[in-house]
Each structure stands twice: as C-alpha cells, then as structure tokens.
Amino acid sequence: MKRLIFITAIMALTSCVAPRETRSIYDTNGSGQSSNVGTGSGGSVIDIDDSGSSTSNGSNANIPSAIAHCSWSLDGQTGFSNTSNSHLGPNTICQSRTNETQVYVQIKNPDSNSRICVIPTSQASGNSIYLGSAQCKYIDSSGTISLFNLSKNRDYGRYQGFRINGVMVMKEKTYDFPSPFNRELISYDAYFMCSINVDLYNDRTYCDAFKSLGQYFYKSF
C-alpha cells in the first residue's frame, strides 16, 4: 500500500519534462538562459532592482537595498559569503528582504555545461520540505548576480501558507544514487523523492542516500 501511495504522489507531481536528454520525474521551470541583473566595468557587479532604487556596497557597485545585507563579490573572485561547499564552490545565495520568492545567486566558478537549480523549501518539524518546482538557468559569469523567481506551486497550492526560509541549490546533473534509489537520477529528482518520503512516511533513508553524494548546497535564511 505504501508503494502504491508513493507512486500516486509521483504521478500527481509530474507536469513537464526537463529540457535535457534525461527525463525528469518532477516539474522544473526556467528559460535556460541567465536572467542577470547586470555587470559593470572592471568586473564589478552592478545590481539594480525593478524600482530603480539601490544602495551602494563598494566603490564600483550598486546593490539593491533588498539584498544589501548579503556579502557579494565585487570582482568575481573574492568576497563570497559561502566558501566551503565542494558542489558549487564559493558562492553567495541571498533572499530578498522584500519578496520571499526572489533569491539571488552569484557563483565564483560557474559551469557552462550545467544549469543551476534553486528549489524553495521550508523548515517544518526539523525537516526541510520543498514548496515548489526547481527553477533552473545557466549562470555564465562569476561577475554576475542572477535572480531566481521561485514559486510555491507544490501539490496545487497546498503549501502556499508555508514560508520560504531556505533553498536547495544544485547543478542540473545526473548521478548514480545508492540504495534505496539504486538508479541514476537528476539531482533535483532525488531530492524531491527524499523530501516526499520524509513528509509522507517519516522515512529518511532516501535523504541519507541523497546527502551521501554531497551534490547540493542548502542555504537557510
């Protein structure tokens, strides 16, 4: 019975196919192109919000007030807030203070062969539960801050009331996940399966297997 419910949950969540040779079990969105805020001369980052208002954060960069609380790299090489993650490398991931669905990402070593995917999550009873589809795009330059517009669209709005207070960030690549997966999966599909099993059955074995490869970065806000 548990297996039947789990398969039904997977079918209910499936709505489109990722634009790659491997089919995704779950919904992903993204144009495939960077939605970049902008870059200035000399490699400095210029980040301006939609209203046109900004605050200065460095001699050559304007950072919007909504994300001025985060540490950005002005030269694309130094000043990143996270430096210890082996999957993404040095990076800054920041949630807007005025819009919880807007998350900005800057990466020192972008991968031109793989999109970066951001998944909105919420902490509930000590568990990280995903709230919506993975938003994916290419990041082409370390001197660029990219905006990801997230959606709380899991299970037809059932999770709309949950606050986005964290994100799972990962490269859109396929990995061979160990038991209980015992198969190759796109990284975000493995995370979705992990989250569903914890949410529905309090079964952490899928999450343990997902975490064992270390092919992700979790950022709490």
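These are my notebook entries on the cores, disulfides and charged pairs that I looked up in a predicted model.

**Entry 1: the nonpolar cores**

I started with the largest nonpolar core, which holds 25 residues, and I noted that Ile119, Met170, Phe181, Tyr188, Tyr191 and Phe210 are the members that touch the most others. I then asked which elements give two or more residues to this core. They are the strands E6 (116-124), E8 (134-137), E10 (166-171), E11 (174-177) and E12 (183-186), together with the helices H2 (187-201) and H3 (205-213). The largest share, eight residues, comes from H2.

I picked Phe181 for a further look and, leaving aside its neighbours within four places in sequence, I found it in contact with Ala190, Met193, Tyr206, Ala209 and Phe210. I also wrote down that there is a second, separate core of 17 residues, and that Leu88, Ile129, Tyr159 and Phe217 are among its members.

**Entry 2: the disulfides**

How many disulfides does the structure hold? I found three, and when the bonded cysteines are numbered in sequence order, the pairing reads 1-2, 3-4, 5-6.

The disulfide of Cys70 and Cys94 has its sulfur atoms 2.1 Å apart, and with 80° about the S-S bond this link is right-handed. It links distant parts of the chain, since Cys70 sits in the loop between strand E3 (62-63) and strand E4 (91-95) while Cys94 sits in strand E4, 24 residues apart. I checked whether these two cysteines are buried or exposed. Cys70 has a relative accessible area of 16% and is buried, because the cut-off for buried is under 20%, and Cys94, at 0%, counts as buried as well.

Cys117 is joined to Cys136 by a disulfide with an S to S distance of 2.1 Å. The torsion about the S-S bond of Cys117 and Cys136 is about 110°, so I noted this disulfide as right-handed. The pair links distant parts of the chain, with Cys117 in strand E6 and Cys136 in strand E8, 19 residues apart, and both cysteines are buried.

For Cys194 and Cys207 I wrote down a disulfide with the sulfur atoms 1.9 Å apart, and its torsion of about 90° about the S-S bond makes it right-handed. This pair also links distant parts of the chain, Cys194 lying in helix H2 and Cys207 in helix H3, 13 residues apart. Cys194 and Cys207 are buried.

**Entry 3: the salt bridges**

Before going through the charged residues I reminded myself that side chains of opposite charge can pair when their charged atoms come close. The count for this structure comes to seven salt bridges, and I followed some of them by name.

Asp111 forms a salt bridge with Lys173, and their closest N and O atoms are 3.0 Å apart. Asp111 lies in the loop between strand E5 (102-107) and E6, and Lys173 in the loop between E10 and E11, so the pair ties together parts that are 62 residues apart in sequence. Asp111 counts as buried at 16% relative accessibility, whereas Lys173 counts as partly exposed at 29%.

Arg115 forms a salt bridge with Glu172, with 2.9 Å between the closest N and O atoms. Here too the pair links distant parts of the chain, Arg115 in the loop between E5 and E6 and Glu172 in the loop between E10 and E11, 57 residues apart. Arg115 counts as buried at 3% relative accessibility, and Glu172 counts as buried at 6%.

Arg158 forms a salt bridge with Asp155, the closest N and O atoms being 3.6 Å apart. Arg158 is exposed, at 62% relative accessibility, while Asp155 is buried, with a relative accessible area of 18%. I then saw that Arg158 and Asp155 belong to a network of salt bridges that also includes Arg154 and Asp199.

**Entry 4: two buried polar side chains**

Lys137 is found in strand E8. I noted that Lys137 is buried yet has no salt bridge, as the nearest side chain of opposite charge, that of Asp140, is 11 Å away. What does the side chain of Lys137 reach? It reaches the backbone oxygen of Leu147 at 2.3 Å.

Ser73 lies in the loop between E3 and E4 and counts as buried at 0% relative accessibility. I found a polar contact of 3.1 Å between the side chains of Ser73 and Asp75, and a polar atom of the Ser73 side chain lies 2.6 Å from the backbone oxygen of Thr78. I also noted that Ser73 and Ile107 are 34 residues apart along the chain, with their C-alpha atoms separated by 9.0 Å.

Note on methods
Residues numbered from 1 in each chain as written. Predicted model: local features only at pLDDT ≥ 70, side-chain atom pairs only at ≥ 80, totals over all residues. Heavy atoms only, no water. Core = buried A, V, L, I, M, F, W, Y, C linked by side-chain atoms within 4.5 Å. Buried < 20%, exposed > 50% of the residue type's maximum accessible area, 1.4 Å probe, protein only. Helix = DSSP H or I, 4+ residues; strand = E, 2+ residues; numbered from the N terminus. Contact = heavy atoms within 4.5 Å. Lys, Arg positive; Asp, Glu negative; His and termini not counted. Salt bridge = Lys/Arg side-chain N within 4 Å of Asp/Glu carboxyl O. Polar contact = N/O pair within 3.5 Å; in protein donor to acceptor, adjacent residues only side chain to side chain. Disulfide = S-S within 2.5 Å.
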